[in-house]
Amino acid sequence: MPRRKIPRDGIRRAIAAEAARIIVDQGLEDFHLAKRKAVERLRLEPDTHLPPNRDVEHALRDVQDVYGGADRLTLLRRLRDGALEAMAQLKDFRPRLVGPVLEGTADRHSSIQLHVFAEFPEQFSWFLEERGIPYDRQERIIRMERNRGEQVPFYEFEAGGLPYVITCLPLKALRQPPLNPHSGRAMRRVSAHGLRELIAEAAEPALL
């Protein structure tokens, strides 16, 4: 099957839009993988220059607005309310909300992603165990600097019918956010106070 010809100025836009649709359809979190799949779907050359992640993020919001509508906004509010409730329970660990629930790009595949902070990761494990919360503990590498990774534990569990992924970071990470794996910039995150403000802003009626 011949490769499709797309005007040069529209190639990046087409890849970003197709990658966004793949992310929504398949629940992918890996933007690079979604872009590579988009190149294949569009029958472009394998070495086609890929759009930056910010273009995919913008396209993702457009796709969700078209296909999600009011249902997606209802889900987003439920996830943010769930995050706020969890953050109140985890206040001793100074939790911060990160990821799609914060950015407003959450969908039915999304988990509530929180960062908590402790001198020793075991402190958070004990917290969950004392409350009888079953969890799956794994580890991942996060980037504190471009050339420095750090292995940290994360915990997956459900509470109130909502999925959570909570990463336990060292106390020093309160001052230095990890790098966003998509943009390479410092990860955006908010406290419970910031989340309450975000929820209030989203609830305000649009001005005519």
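Me: Which residue in β2 does V98 stand opposite?
Reply: In this predicted model, V98 stands opposite Q113 in β2. The two strands concerned, β1 and β2 (residues 112-117), run antiparallel and are joined by three bridges.

Me: And what's the strand order of the sheet they sit in?
Reply: The order is β1-β2-β5-β4-β3, in an open sheet of five strands with mixed pairing. The edge strands, each pairing on one side only, are β1 (96-98) and β3 (136-145). Direction ignored, neighbouring strands of this sheet are turned by 35° against each other on average.

Me: Which helix packs on the sheet, and which strands is it touching?
Reply: That is helix α6, residues 121-130, which touches β2, β3, β4 (148-159) and β5 (162-169). The direction of α6 makes about 5° with that of β4.

Me: OK, β5 then. How does it run relative to β2, parallel or antiparallel?
Reply: β2 and β5 run parallel, and six bridges join them. Along this pairing, F117 stands opposite L169 in β5.

Me: And how do β4 and β5 run, parallel or antiparallel?
Reply: Those two run antiparallel, again with six bridges between them, and here E156 stands opposite V165 in β5. β4 and β5 form a hairpin with two residues between them, and in the turn G160 has a positive phi of about 60°.

Me: How many residues of β5 are buried?
Reply: Seven of the eight residues in β5 are buried, so to describe the strand as mostly covered is fair.

Me: Switching to aromatics: how many pairs does the structure hold?
Reply: There are six aromatic pairs in the structure. One of them is formed by F124 and Y155, which meet edge-to-face at 5.0 Å centre to centre, with 75° between the planes. This pair links distant parts of the chain, since F124 belongs to helix α6 and Y155 to strand β4, 31 residues apart.

Me: Are those two buried or exposed?
Reply: Both F124 and Y155 are buried.

Me: Why does the pair of F157 and Y164 count as stacked?
Reply: The planes of F157 and Y164 lie at 20° to each other, with the ring centres 5.6 Å apart, and so the pair is stacked; the cut-off for that class is planes under 30 degrees apart. F157 counts as buried at 12% relative accessibility, and Y164 counts as buried at 6%.

Me: Which rings are linked into a cluster?
Reply: Ring pairs link F93, F124, F127, Y135 and Y155 into a cluster, which brings in both members of the edge-to-face pair, F124 and Y155.

Me: What lies over the face of F154?
Reply: R140 does, at 3.9 Å from the ring centre of F154.

Me: Last topic, S110. Where is it?
Reply: S110 is placed in the loop between α5 (100-103) and β2.

Me: Why is S110 classed as buried?
Reply: The relative accessible area of S110 is 10%, and because buried means under 20% on this scale, the residue falls in that class.

Me: What does its side chain reach, and which residues is S110 in contact with further along?
Reply: The side chain of S110 reaches the backbone nitrogen of D107 at 2.9 Å. Leaving aside neighbours within four places in sequence, S110 is in contact with P100 and P163.

Methods
Residues numbered from 1 in each chain as written. Predicted model: local features only at pLDDT ≥ 70, side-chain atom pairs only at ≥ 80, totals over all residues. Heavy atoms only, no water. Pairing = 2+ DSSP bridges. Helix = DSSP H or I, 4+ residues; strand = E, 2+ residues; numbered from the N terminus. Axes fitted to C-alpha atoms, helices over the stretch in contact; angles between N-to-C directions. Contact = heavy atoms within 4.5 Å. Buried < 20%, exposed > 50% of the residue type's maximum accessible area, 1.4 Å probe, protein only. Polar contact = N/O pair within 3.5 Å; in protein donor to acceptor, adjacent residues only side chain to side chain. Phe/Tyr/Trp six-rings, centres within 6.5 Å; stacked < 30°, edge-to-face > 60°. Lys NZ or Arg CZ within 6 Å of the ring centre and 35° of its normal.
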